[in-house]
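This report describes how one pair of helices packs and how one pocket is lined.

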Amino acid sequence: GILKMEFNINEGIYYLILKLPAIICDIITGFLIYKVAGKRMSRGLSLTLSGLYMLLPAVVVNSSLWGQVDSVYTLGIVITLLLLSNKKLIGSFFVFAVCVFIKPQSLIFTPVLLFSAAEFVFLPEFKAKKLILVLLGGTGAILSMVLMALPFGLINVFNQYFNTIGSYPYLTVNAFNIWGAMGQNWTEITPYFSFVGMLFIVMITVLSARVYFSDNGKEKYFTTAAFLIFSTFMFSVKMHDRYAFAAMIMLLFSFIN
């Protein structure tokens with residue numbers, strides 16, 4: 001906005017600038033696909049997977065056409081899960097804090113961090129030092145969110161955050177999920193359906209624990225994340241059509257690993 005006012009930027013260039021963060025994040029994500037896949041696959045296949053993602057219609061439409069920022073927080077979630085898969089738990093906390101600060105939907109992936117923390121502390125045996133480390137790391141990550149919020153005013157940030165969470169008081173908003181299949185698009189939510197939505201989230205979280213702890217490979221972080229985001233999209237309420245965006249990249253990284 002400042003650039004537009006100061007330099008009298010025309011509308012076309014202005015829209016490009018607004019969309020650049022998401023487009024850049026798509027490119028970085030494509031590069032990460034190439035680098036991670038390159039550790040296990042041929043250069044040709046790695047380039048193919050990277051290119052397929054960056055040219056995927058859903059990715060192009062969401063970022064380059066609509067100018068939505070789902071790819072920004074999704075990149076952060078990918079980095080969080082890559083850190084977890086490399087046993088860098090504390091670092092993942094701080095990256096995840098940035099993700100939550102960018103977009104509330106990041107909270108859907110919280111169980112993956114909780115499972116990883118539980119695994120780190122309790123398996124193969126409980127160690128008090130590891131518990132203290134996790135608690136300190138988690139506290140530090142939360143404090144980092146407070147520091148990021150300070151320039152904007154804590155109250156303003158909290159109000160913006162909770163207004164965003166409550167901005168879609170409908171069963172579904174153009175999402176091709178169970179509610180959309182029943183013809184409930186843009187149907188105002190009631191306390192009963194809010195409860196049903198929360199019940200689904202509890203069930204999904206419990207099932208995601210089984211997904212996580214039934215696998216010992218690096219892919220479990222991405223498989224669990226894909227299960228969480230897509231199941232929540234399919235069965236919970238207040239879902240927008242874009243909320244399934246992150247599932248695509250999670251499944252791709254699960255395949256790569």
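A crossing is left-handed if the near helix is turned anticlockwise from the far one by less than a right angle, and right-handed if clockwise. The model is predicted, so that local features need pLDDT of at least 70 and side-chain atom pairs count only at pLDDT 80 or more, while totals for chains, interfaces and linings use all residues. Residues are numbered from 1 along each chain as its sequence is written, and side-chain values use heavy atoms, with hydrogens and water left out.

H6 passes H8 in a right-handed crossing, with helices taken as DSSP runs (H or I, at least four residues) numbered from the N terminus. Contact (heavy atoms within 4.5 Å) involves, among others, Leu-89, Phe-93 and Ala-97 of H6 and Gly-137, Gly-138 and Ala-141 of H8. The residues of this contact comprise 14 nonpolar, four polar and no charged, where Ala, Val, Leu, Ile, Met, Phe, Trp, Tyr, Cys and Pro count as nonpolar, Asp, Glu, Lys and Arg as charged, and the others, Gly among them, as polar.

The lining of the largest pocket has 14 nonpolar, eight polar and one charged residues, and H11 gives the largest share, six residues. A pocket is an open set of points on a 1 Å grid over the protein atoms alone, where a 1.4 Å probe fits, with protein on both sides within 12 Å along at least five of seven lines; lining residues have an atom within 4 Å of a point. The elements giving two or more residues to this lining are tabulated here.

| Element | Residues |
|---|---|
| Helix H7 | 110-122 |
| Helix H9 | 154-165 |
| Helix H11 | 191-213 |
| Helix H12 | 219-235 |
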